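Let's take a walk through this one together, starting at the ligand and working outwards. Have the viewer open and follow along.

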Amino acid sequence: MKFKDQIARRRTFGIISHPDAGKTTLTEKLLLYGGAIQEAGAVKSNKIKKGAASDFMEIERQRGISVATSVLAFEYDNKKINILDTPGHKDFAEDTFRTLTAVDSVIVVIDVAKGVEEQTEKLVEVCRMRNIPIIVFINKMDREGKDAFDLMDEIEQKLHLRVTPLSFPIGMGYDLKGIYNIGKKNVNLFTGDSVKQRKNLISINNLTDPKLDELVGSRAAETLREEIELVEGIYPDYDRQEYLDGKLQPIFFGSALHNFGVKELLDGFIDIAPSPRPKKAEERIVQPDEKEFSGFVFKIHANMDPRHRDRLAFVKVVSGVFERNTAYKHVRLDKNLKFSSPNAFFAEKKEIVDESFPGDIVGLHDTGNFKIGDTLTAGEDLHYKGIPSFSPEHFRYINNADPMKSKQLAKGVDQLMDEGVAQLFTLELNGRKVIGTVGALQFEVIQYRLEHEYGATCSYENLNVHKACWVDTADKNSAEFKDFKRVKAKFLAHDKRGQLVFFADSAFSLQMTQQKYPSIKFHFVSEFDSIAE
Ligand code: G4P
């Protein structure tokens with residue numbers, strides 16, 4: 001197959017949702033269509049179960065699953081589909097944000113009864129900032145939930161999206177009769193049986209076709225006619241370019257559990273979702289069909305087996321073909337590296353591959369060369385635009401609890417930070433180390449992993465920080481900046497890259513500081529100049 005065709009047939013995307021909306025169930029149904037798994041229940045949920053026997057066991061279990069499900073690849077209708085897994089638990093939101101730098105589009109799953117939930121809002125905001133094309137799937141239509149129009153209003157308001165339904169439910173919950181595909185003008189009847197479900201697609205000529213009344217009953221047919229008229233009156237016409245530009249978001253309805261509306265979603269998805277997109281590097285925009293290979297690391301996973309300290313770095317191929325046993329340039333280290341056993345990922349297994357194409361994810365065994373955001377190329381000095389860090393929510397001093405093991409602790413902390421488990425800050429005044437995390441669970445993860453993988457023990461001490469802001473000013477020699485550095489010396493730190501960070505202890509003090517020093521900019525994202533790619 002020609003190189004360009006290989007690119008055109010790839011769809012690399014992420015499914016995002018608030019926990020429990022049905023992401024795992026939907027993923028599983030998609031894999032069933034791809035023949036990648038044979039039965040339901042094969043995909044393990046990567047959820048952290050609350051109240052599990054031991055939090056540490058749970059962390060290990062979760063890590064195990066997240067290696068296995070990091071990338072789920074399958075073939076469907078001659079398309080190569082790569083689903084990049086995103087953890088649902090909010091304490092691992094950073095991980096999800098980073099994964100979103102490697103997807104070409106996303107599907108957002110929303111529970112029809114719960115509507116737009118907190119985690120969805122945050123994740124969609126990141127997608128919007130990056131103009132990632134979004135398809136919305138309203139799930140659990142077999143249950144009573146919100147009215148479709150109310151829900152679409154809610155999505156527009158809370159997620160700031162401009163939506164248009166491509167399918168529409170006929171009834172809901174107990175009264176769910178089916179789904180009408182607006183573009184294809186067919187009705188998918190709901191039987192509640194996930195096997196028979198696929199065979200119940202019936203075409204109608206148009207909405208006035210009496211066959212519709214026969215299929216769903218006159219009342220439901222009449223309601224559908226009125227609702228579709230309303231849809232056509234209120235919502236914009238579907239336009240693929242607007243979808244690709246992130247300006248219009250198509251909506252599908254269904255029930256993942258009953259495998260209902262999932263095929264429509266999948267068919268719609270492969271039809272409209274983009275193949276690998278060009279990516280901005282600091283130097284230039286790189287097109288996927290360029291001959292030379294380039295890619296970037298968006299995730300690093302430590303080995304579960306403490307005897308083998310190697311890690312797996314996940315690289316998204318941006319351009320060219322990645323080939324096994326070929327030397328590639330690690331741009332940050334200015335060093336050539338060869339990979340003898342690059343992994344590709346399939347439904348639940350990984351295999352060594354000889355070549356990978358744009359859109360694919362390769363897993364590279366790493367002994368400590370990679371950090372998240374690193375670029376690999378065939379020789380060119382390219383730097384893919386950074387993967388942003390967000391202000392952590394929790395901050396603690398980290399202290400060494402065993403003076404004999406300070407080296408191990410330093411190494412462990414360093415490597416865990418490279419993996420992106422948390423962020424490390426060094427206070428300017430006294431050099432003390434502070435760890436910042438998105439969720440409290442990460443502190444346990446760090447302590448546990450330091451002990452089990454590095455033989456180091458640590459203790460924490462609370463630190464009252466409301467937000468960490470990356471500080472930026474046009475003139476570092478201005479009197480204002482010097483005054484800021486002097487007055488706020490106690491609250492200043494550096495992140496791992498040496499950027500200056502201000503620890504605001506309350507929203508009020510942040511506001512006062514911003515007012516007092518108008519020429520200084522306070523950013524809540526580390527890559528403040530490159531968040532919108
Ligand atoms: P998540 O990955 O987004 O966190 O959600 P997951 O798929 O695990 O689904 C959460 C719960 O919602 C599961 O039930 C699942 O069976 C159910 N669910 C998913 N899709 C549908 C749907 O279309 N209709 C209905 N009625 N339920 C749905 P659970 O009881 O928490 O787990 P389980 O014991 O069934 O696995």
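A polar contact here is a pair of N or O atoms within 3.5 Å. With that cut-off in hand, look at Ala21: one of its backbone N or O atoms sits 3.3 Å from an oxygen atom of the ligand. Keep in mind that this is a predicted model, so we'll come back to confidence further down.

Two side chains also reach the ligand. Ser255 puts a side-chain N or O atom 2.7 Å from a ligand oxygen atom, while a polar side-chain atom of Asp142 is 2.8 Å from a nitrogen atom of the ligand. How much of the ligand's accessible area does the protein cover? On its own the ligand has 710 Å² of accessible area, and 67% of that is covered by the protein.

Zoom out a little to the shell. There are 17 residues around the ligand, and those that come nearest are Asp20, Lys23, Thr24, Thr25 and Ser255. Helix H2 supplies the largest share of this shell, with three residues.

Now follow the protein away from the ligand and into the sheet. Seven strands make up an open sheet with mixed pairing, and their order is S2-S3-S1-S4-S5-S11-S6. Strand S2 (71-76) and strand S6 (163-165) are the edge strands; each has a single partner strand, so one side of each is left without a neighbour in the sheet. On average, neighbouring strands are turned by 30° against each other, direction ignored.

For a close-up of one pairing, pick S5 and strand S11 (residues 249-253): they run parallel and are joined by three bridges. Within that pair, Phe137 has Phe252 in S11 as its bridge partner.

Helix H2 (residues 23-33) turns up again here, packing on the sheet. H2 touches strand S1 (10-17), S2, strand S3 (79-84), strand S4 (105-111) and S5, and its direction makes about 155° with that of S1. Helix H5 (residues 118-129) lies across S1, S4 and S5, and runs at about 145° to S1.

So how far should you trust all this? The chain has a mean pLDDT of 87, with 88% of its residues at 70 or more. Confidence is highest in strand S5 (residues 134-139), at a mean of 98, and lowest in helix H3 (residues 55-68), at 59. Residues 48-53 stay under 50, and the model gives them nine contacts beyond four places in sequence. Residues 529-533 are also below 50, with 10 contacts beyond near neighbours in sequence. Where pLDDT is low, the predicted coordinates should not be read in detail.

Terms used: Residues are numbered from 1 along each chain as its sequence is written. This is a predicted model: local features need pLDDT of at least 70, side-chain atom pairs count only at pLDDT 80 or more; totals for chains, interfaces and linings use all residues. Side-chain values use heavy atoms; hydrogens and water are left out. pLDDT is the predictor's confidence in each residue, from 0 to 100. Helices (H or I, at least four residues) and strands (E, at least two) are DSSP runs, numbered from the N terminus. Contact means heavy atoms within 4.5 Å. Two strands pair if DSSP finds at least two bridges between them. Axes are lines fitted to C-alpha atoms, for helices over the stretch in contact, and angles run from 0 to 180 degrees between N-to-C directions. A residue is near a molecule or strand if one of its heavy atoms lies within 4 Å of it. A polar contact is a pair of N or O atoms within 3.5 Å; within protein, one must be able to donate a hydrogen and the other to accept it, and residues adjacent in sequence count only if both atoms are side-chain atoms. Accessible areas come from the Shrake-Rupley method with a 1.4 Å probe; for residues, only the protein chains shown count as cover.
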